[in-house]
Number of protein chains: 2
Amino acid sequence: MPTTGGRSPVMSDVAKVAGVSHQTVSRVVNGHPNVREETVVRVRRAIAELGYQPNSTARALVTRRTNVLGALAVDTTLFGPAQTLAGIERAAREAGYFLSIVSVDDLSPDGVAEALDHLVQQAVEGCVAITPQRELAHALAALPGPRPLVAVEGGEGAGFPVVGVDQEQGARDAVRHLVGLGHRTVHHVAGRADWLEAEARVHGWREELLAAGHVVPEPLAGDWSPRSGYELGHRLAERRAAGEEVTAVFVANDQMAVGVLKAFHEVGLRVPDDVSVVGFDDIPESAYLTPGLTTVVQDFTRVGTAALEVLLGALESPGHADTPVDRTVPAVLRVRDSSAPPSA
Amino acid sequence: MPTTGGRSPVMSDVAKVAGVSHQTVSRVVNGHPNVREETVVRVRRAIAELGYQPNSTARALVTRRTNVLGALAVDTTLFGPAQTLAGIERAAREAGYFLSIVSVDDLSPDGVAEALDHLVQQAVEGCVAITPQRELAHALAALPGPRPLVAVEGGEGAGFPVVGVDQEQGARDAVRHLVGLGHRTVHHVAGRADWLEAEARVHGWREELLAAGHVVPEPLAGDWSPRSGYELGHRLAERRAAGEEVTAVFVANDQMAVGVLKAFHEVGLRVPDDVSVVGFDDIPESAYLTPGLTTVVQDFTRVGTAALEVLLGALESPGHADTPVDRTVPAVLRVRDSSAPPSA
DNA sequence: GTGCAGCATGTGAGCGCTAACATTGTTGCT
DNA sequence: AGCAACAATGTTAGCGCTCACATGCTGCAC
């Protein structure tokens, strides 16, 4: 058995064993035509014998293609971003790319710049950025960074394509559902004010209420966490106790809805008998809460896939990079037990 | 202003502008000593002027260090793996490494081999594998793949270090808590049978029950999902209706506990008055369920950090690779409202 | 003055690969 | 027969960088 003296075999080692030139080995490895079938077999055998692995670094140096895509993520402990990331990862792998991930916790321009730099240093060929916060989207648009870049969930008009779920439509569907059940107004527990998704949901909620000719109550500002939902749920209960009409609540995400449900339960408010509750996200637990939570489903996997599609498109035809195409995935209302007509 | 004729500037461009040799530029970039202060300044200025970015590929080719670590993840839509991954990512970045992620959905040897190959192709310097399933851990041990490798949450004795939470201790704490409250036995809704964590929790539960001299009921096999918790919750209620003593349940994760809670609620079983429920994971919702869920907290971030620590250790002293050190992070019981002494 | 550290810098080679061109031998067509 | 086209292979150069070594130069001891 031939040896390469301790170091891992390189192309010329294979060439020697197969009795050809290193270039022929390269041709076989890269599937070029015009190599005699018998030669291919010989080279393949030599590769197997030596356990040769092409050196992707050397290849990248000469081809100027690293085959690496970057992903900029925010808090991946949240349901949505984590799901989206998973979708991106799968799509990237299927397209033959590696995916390098950097998550950014520090939203200041410096923090974002550092994260982007990390990606640039790695010479990624393109990048998907999950940018649900306004601040992040702005920083991204202002900073130099990897290009082409596709934004997910926010940052319209910043000069790069944006892919995301139609938040506003989802919110309107939720409100329309409640109004359709006969509620004369719908309260809103909003997500973090600096999140674009929160803003879009507030907007959709308000517009739909306005369109229906209903009163628009003051929204309550939450932060996505169950805790804030719990606190605001109590606030809502107080409003009701004070005589305000509180028969339906649209909560900006399911985690906060969990808190709202608990608060209502504590003060003896029954859902949906006394108050209807509609959430957003459809986390796995939602169907099994008590009562089962009516919510708006976001297909995060599809968002991830779509984002990668757009990115790959930009990679293939760099000319089109200036004409950002926004891709929107529809949100779908899933009705369960937490929403019902108002009692009398 | 000097130009590089369209192409991005390389080291020799900087050298020309600064009036030094490319090697001196290299020294400045890499912070070598023995460069005159004035020269450093000149080179720095030239770098800034040209917007020079060192080519990491070329550097990697000659140094044989890619600065990339790999992460093999399973279903990142689950709470635990996603959290762990986030911890790994952060630790990797802080240590100056890039992190390339590949998630494996196909647990067959072929699927795992493909995922590993993806990492090897990329010439990662080391790899963290999240391996909660027995099958995955086995495939990993049998297959050639990136080395050094650190396993998270499973795969003891396979020849590489393992980092994880002490599942068994967590389970025992949960059971001891319930037994301490006066329950004469504790039922168990288990996780997916092919998961090592599920197995460890079953084991801990059984041992603790045995140690307390109590009856060990037949565990119910779930699959981590709220749905299975719901179904098995009903099964448990039937057992109770049939006269069996069901006053306490240890559920292998919080998501299933959500389903159990719903099932109990449907049949009029009050928690904790009629039955105590203890979960595992402490997902963000747990504190805000009704009632607040007593559960076992796993510090996933710490697991991720610890895994990377072990990996970096192995990277620095390859000699020690043969003496796998297992690192275990303790689990902590968090008592809330869903557990109480049995009634009468 | 000579010798020899030691600092500051330059020179050359080569990492492992692919692209471009050069070189054969083989075919087909006039 | 003669020449073009093409298939199969080899040869050379170079991607952008770092390493090892070579070269000057200063300063200081003898």
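In this predicted model, a polar side-chain atom of Gln23(A) is placed 3.3 Å from a base nitrogen of DNA strand C. Two residues of chain B approach the backbone of that strand. An N or O atom in the side chain of Thr24(B) is 2.7 Å from a phosphate oxygen of DNA strand C, and a polar side-chain atom of Thr39(B) is 2.6 Å from a phosphate oxygen of DNA strand C. Thr39(B) also appears among the residues that come nearest to this strand, together with Met11(A), Ser26(A), Tyr52(A) and Arg64(B). There are 27 residues around DNA strand C. Of the strand atoms that come within 4 Å of the protein, 64% belong to sugar and phosphate.

The surface near DNA strand C draws on both chains. At least two residues each are supplied by α2 and α4 of chain A and by α2 and α4 of chain B. The greatest contribution is that of α4(A), with 5 residues. Sorted by class, the surface near DNA strand C holds 11 nonpolar, 12 polar and 4 charged residues.

DNA strand D is contacted through a base as well as through phosphates. An N or O atom in the side chain of Gln23(B) lies 2.8 Å from a base nitrogen of DNA strand D. The side chain of Tyr52(B) has an N or O atom 2.3 Å from a phosphate oxygen of DNA strand D. For Met11(B), the atom concerned belongs to the backbone: a backbone N or O atom is 2.5 Å from a phosphate oxygen of DNA strand D. Met11(B) and Tyr52(B) are also listed, with Ser21(A), Thr39(A) and Arg64(A), as the nearest of the 27 residues around this strand. Sugar and phosphate make up 63% of the atoms of DNA strand D that come within 4 Å of the protein.

Both chains again contribute to the surface near DNA strand D, where α2 (22-29) and α4 of chain A and α2 (22-29) and α4 of chain B each provide at least two residues. Here the largest share comes from α4(B), which gives 5 residues. The class composition of the surface near DNA strand D is 11 nonpolar, 12 polar and 4 charged residues.

The helices α4 of the two chains also meet each other. Two packed helices are described by the angle between their axes and the distance between the axes. For helix α4 (residues 56-63) of chain A and helix α4 (residues 56-63) of chain B, the axes come within 9 Å and cross at roughly 140°. The crossing of α4(A) and α4(B) is left-handed. On the side of α4(A), the contact is made by Thr57(A), Ala58(A), Ala60(A) and Leu61(A), and on the side of α4(B) by Thr57(B), Ala58(B), Ala60(B) and Leu61(B). The contact of α4(A) with α4(B) comprises 6 nonpolar and 2 polar residues, with no charged residues.

The arrangement of the two protein chains was examined next. Two copies of a chain are related by a rotation about an axis and a shift along it. Chain A is superposed on chain B by a rotation of 180° with 0.0 Å of shift along its axis, with an RMSD of 0.1 Å. The two copies are therefore related as by a two-fold rotation axis. Within chain A, Ser100(A) is the residue closest to the rotation axis, with its C-alpha at 2.2 Å. Of the interface residues of chain A, 100% are also interface residues in chain B, so the copies meet through the same surface.

Some backbone features in loops complete the description. The peptide bond from Arg147(A) to Pro148(A) is cis, with omega near -5°. Pro148(A) sits in the loop between α7 (134-142) and β4 (149-152) of chain A. In chain B, a cis peptide bond runs from Val271(B) to Pro272(B), with omega near 10°. Pro272(B) belongs to the loop between α11 (254-266) and β9 (276-278) of chain B. Ala123(A) is a residue other than glycine with a positive phi, near 55°. The loop that holds Ala123(A) lies between α6 (109-121) and β3 (126-130) of chain A.

Notes
Residues numbered from 1 in each chain as written. Chains lettered and ligands numbered in written order. Predicted model: local features only at pLDDT ≥ 70, side-chain atom pairs only at ≥ 80, totals over all residues. Heavy atoms only, no water. Axes fitted to C-alpha atoms, helices over the stretch in contact; angles between N-to-C directions. Helix = DSSP H or I, 4+ residues; strand = E, 2+ residues; numbered from the N terminus. Left-handed = near helix turned anticlockwise from the far one by under 90°. Contact = heavy atoms within 4.5 Å. Nonpolar A, V, L, I, M, F, W, Y, C, P; charged D, E, K, R; others polar. Near = heavy atom within 4 Å. Polar contact = N/O pair within 3.5 Å; in protein donor to acceptor, adjacent residues only side chain to side chain. Least-squares fit on C-alpha atoms with pLDDT ≥ 70 in both.
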